[in-house]
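Trainee: Got a minute? I'd like to walk through this one with you.
Mentor: Sure, here it is.
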Amino acid sequence: MVSNGPLGVFERNGFDLGTKRVLESMAKCNGYTIIGGGHIVGLASILGIDQSFKHVSTAGGAMLSLLSGQSLPGVDALVRASARMHSQRKDS
């Protein structure tokens, strides 16, 4: 189960109920639960349930890209840099 970002204007009283209920339901779920995005992660922390999720990511958009199989430019750059370092060590 994946949730990326809050449901609407959760910062205002009365508008936060949907987001809270989704988070609470996910926290009780026995499946693999992932939340992404700084706002929803912050709310999960405020509710004291952030430790209930299998994976928590403050980078919601990047998390969705990774889950959909897209490459992440920052990760790709790190992989290339690591390969160069290993190659240089072997040449030394």
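Mentor: We'll go through the core, one buried threonine and a surface patch.

Mentor: Keep in mind that this is a predicted model.

Trainee: OK. Which residues make up the largest nonpolar core?
Mentor: Eleven residues do: F10, L23, M26, A27, I35, I40, V41, L43, A44, I49 and F53.

Trainee: Which elements give two or more residues to this core?
Mentor: Two helices do: α1, residues 17-28, and α2, residues 38-46. The most comes from α2, with four residues.

Trainee: What does I35 touch, leaving out residues up to four places away in sequence?
Mentor: Several fellow core members, including L23, M26, I40, V41, A44 and F53. I35 also touches S3, H55, V56, S57 and M63.

Trainee: Switching to T19. Where is T19 found?
Mentor: In helix α1.

Trainee: Is T19 buried or exposed?
Mentor: Buried, because its relative accessible area is 1%, and the cut-off for buried is under 20%.

Trainee: Which residues does T19 touch, with the same sequence limit of four places?
Mentor: P6, L7, F10, I40 and L43. Of these, F10, I40 and L43 belong to the core we listed.

Trainee: And what lies 2.8 Å from a polar atom of the T19 side chain?
Mentor: The backbone nitrogen of L7.

Trainee: Now the outside. Which residues form a nonpolar patch on the surface?
Mentor: V2, L64 and L67. Together they have about 250 Å² of accessible area.

Trainee: Where does L67 lie?
Mentor: In helix α3, which covers residues 60-67.

Conventions:
Residues are numbered from 1 along each chain as its sequence is written. This is a predicted model: local features need pLDDT of at least 70, side-chain atom pairs count only at pLDDT 80 or more; totals for chains, interfaces and linings use all residues. Side-chain values use heavy atoms; hydrogens and water are left out. A nonpolar core is a set of buried Ala, Val, Leu, Ile, Met, Phe, Trp, Tyr and Cys residues joined through side-chain atoms within 4.5 Å. Buried means under 20% relative accessible area, exposed over 50%, partly exposed in between (1.4 Å probe, protein chains only). Contact means heavy atoms within 4.5 Å. Patches are made of residues with over 30% relative accessible area and no salt bridge: like charges are joined within 9 Å, nonpolar side chains (Val, Leu, Ile, Met, Phe, Trp, Tyr) within 5 Å. Accessible areas come from the Shrake-Rupley method with a 1.4 Å probe; for residues, only the protein chains shown count as cover. A salt bridge is a side-chain nitrogen of Lys or Arg within 4 Å of a carboxyl oxygen of Asp or Glu. A polar contact is a pair of N or O atoms within 3.5 Å; within protein, one must be able to donate a hydrogen and the other to accept it, and residues adjacent in sequence count only if both atoms are side-chain atoms.
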